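Me: I'd like a close look at one part of this protein, and then a walk outward from there. Here is what I have in front of me.

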Amino acid sequence: MSVWKIKEIELPLRFSWAISRSSCDVKKNLIVEYNSNSVLGLGEVAFNSRYGESLESIHKEFKKFVSICPGSITTLADLEPVFNKIDISTSLRFGIESAFIHNMAHIAEMSVTQIIGANSLSKVKTSFSIPIMEAGKVSDFIQDNNLKRFSALKLKVGGDSDMDFLKEVHKNYDGPLRIDANEGWSNPDDVMNLLTGPLSKYNIDFLEQPFSSSSHEEYLKLKPISPVDIIADESITNGEVNRDLANQFHGVNIKLMKSGSYFKALNQLRAARELGMKTMVGCMVETSLGINSAMNISYGADYLDLDGFLLLEKDPYNYLYEDSGTIFLAHLH
């Protein structure tokens, strides 16, 4: 007999998390529990209101999932018909799939990467994200959080004083910068003036999702002339990585909570590489349970942005630890 449960977890943050469309001091995620053969498998659900997800909708969908799920599931293929019968959020879909796979891995004494057909990693270097903040607070923030240990910083922009903020980070940090607008900008000409003007002397890895996901013409205009790579985030959820996307972007940011599946995410990464696109594996604000899952698809990615658990006051799982900007699997320590 198999038992499915879901529970909420409250995650106070180390600092206020502000991006172009929202800010928060506490994140609420959910944990899916799948108990089979007296073995517990866990999956994290880091839902995102940007994609129409909420605590209420997740609970409602999970209740429906449990009501139509067979009492005993033996293979991943048994889950597909259930998913096809309900309109399920991608974050919950991943939470359910990963809980099942993690249970399966424990029982079979296999690694998750063996089950999903991926290469394993025991450590990765991650960037660290700085939320939108007043320029006057940047220097202390970088010093107080010892951010120079990270090989790259990701900067959230889309506020009223982006250039002042960027200048202060550049003044206080020597490494490469990754600029993430979270759809907060709108004009390709203004972006080009920034990139070829005041930002031209900065060491910028890429610019992520400057415009809304519906701004196809703007991306088609910006991509061929941009001096830095343009990376898709909100423009790619659980859809296909295809030529249309490659015409708009140089690369993609794949997140399990958007893809909804280990297998979907791996297919998206594979398709991006075949199209000559750069690949990044990213995350939401998640515990080390979710970030550990993201590491399972990270082999070969050009960029890794897996700092979600480092934003928490306290990580409830401790599956990972970070040292000098590198994330390690805790059980290998």
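Is helix α12 (residues 288-295) largely enclosed by the rest of the structure or open to the outside, and why?

Reply: Keep in mind that this is a predicted model. Helix α12 is largely enclosed by the rest of the structure, because 7 of its 8 residues are buried. The cut-off behind that word is under 20% relative accessible area. The residues in question are S288, L289, G290 and I291, followed by S293, A294 and M295. Where the helix starts, T287 has a side-chain oxygen within 3.1 Å of the backbone nitrogen of L289.

Now the setting around α12. The protein has 12 helices and 14 strands. Its radius of gyration is 20 Å, close to the 20 Å that the globule rule gives for 333 residues, so the protein is as compact as a globular protein of that length. The C-alpha trace spans about 65 × 40 × 35 Å along the principal axes. Of the 333 residues, 56% count as buried. As for how the chain meets itself, 67% of the contacts with a separation of 6 or more are between residues 24 or more positions apart. On the outside, the accessible surface comes to about 14,500 Å², with 46% of that belonging to carbon and sulfur atoms. The protein carries 33 positive and 43 negative charges, and the mean positions of the two sets are 2 Å apart.

Two other buried spots are worth a stop. Take Q209, in the loop between β8 (204-208) and α8 (216-222). Q209 sits in a loop, yet its relative accessible area is 0%, so it counts as buried. A polar atom of the Q209 side chain lies 2.8 Å from the backbone nitrogen of D233. Beyond its sequence neighbours within four places, Q209 is in contact with several stretches, including A181, N182 and E183, then I231, A232, D233, E234 and S235. Y219 and F249 are also among its contacts.

Helix α8 also holds L222. L222 is buried too, again with a relative accessible area of 0%. Setting aside residues up to four places away, L222 touches P188, V191, M192, P210, F211 and I230. For M192, the two residues are 30 apart in sequence, and their C-alpha atoms are 7.6 Å apart in space.

One of the Q209 contacts, E183, deserves a second glance. E183 is in the loop between β7 (177-180) and α7 (188-196), and at 18% relative accessibility it counts as buried. Its phi is near 70 degrees, a positive value in a residue other than glycine. Most residues other than glycine have a negative phi.

N37 also has a positive phi, about 55 degrees, although it is not a glycine. N37 belongs to the loop between β2 (22-36) and β3 (39-45). With a relative accessible area of 58%, N37 is exposed, whereas E183 is buried.

Finish at the start of the chain. M1 lies in the segment before β1 (3-19), and at 83% relative accessibility it counts as exposed. M1 still touches N35, S36 and G71, not counting residues up to four places away in sequence. M1 and S38 are 37 residues apart in sequence, with 9.3 Å between their C-alpha atoms.

Key. Residues are numbered from 1 along each chain as its sequence is written. This is a predicted model: local features need pLDDT of at least 70, side-chain atom pairs count only at pLDDT 80 or more; totals for chains, interfaces and linings use all residues. Side-chain values use heavy atoms; hydrogens and water are left out. Helices (H or I, at least four residues) and strands (E, at least two) are DSSP runs, numbered from the N terminus. The radius of gyration is taken over C-alpha atoms; the globule rule is 2.2 Å times the number of residues to the power 0.38. Buried means under 20% relative accessible area, exposed over 50%, partly exposed in between (1.4 Å probe, protein chains only). Contact means heavy atoms within 4.5 Å. Accessible areas come from the Shrake-Rupley method with a 1.4 Å probe; for residues, only the protein chains shown count as cover. Lys and Arg count as positive and Asp and Glu as negative; His and the chain ends are not counted. The place of a charge is taken as NZ of Lys, CZ of Arg, CG of Asp or CD of Glu. A polar contact is a pair of N or O atoms within 3.5 Å; within protein, one must be able to donate a hydrogen and the other to accept it, and residues adjacent in sequence count only if both atoms are side-chain atoms.
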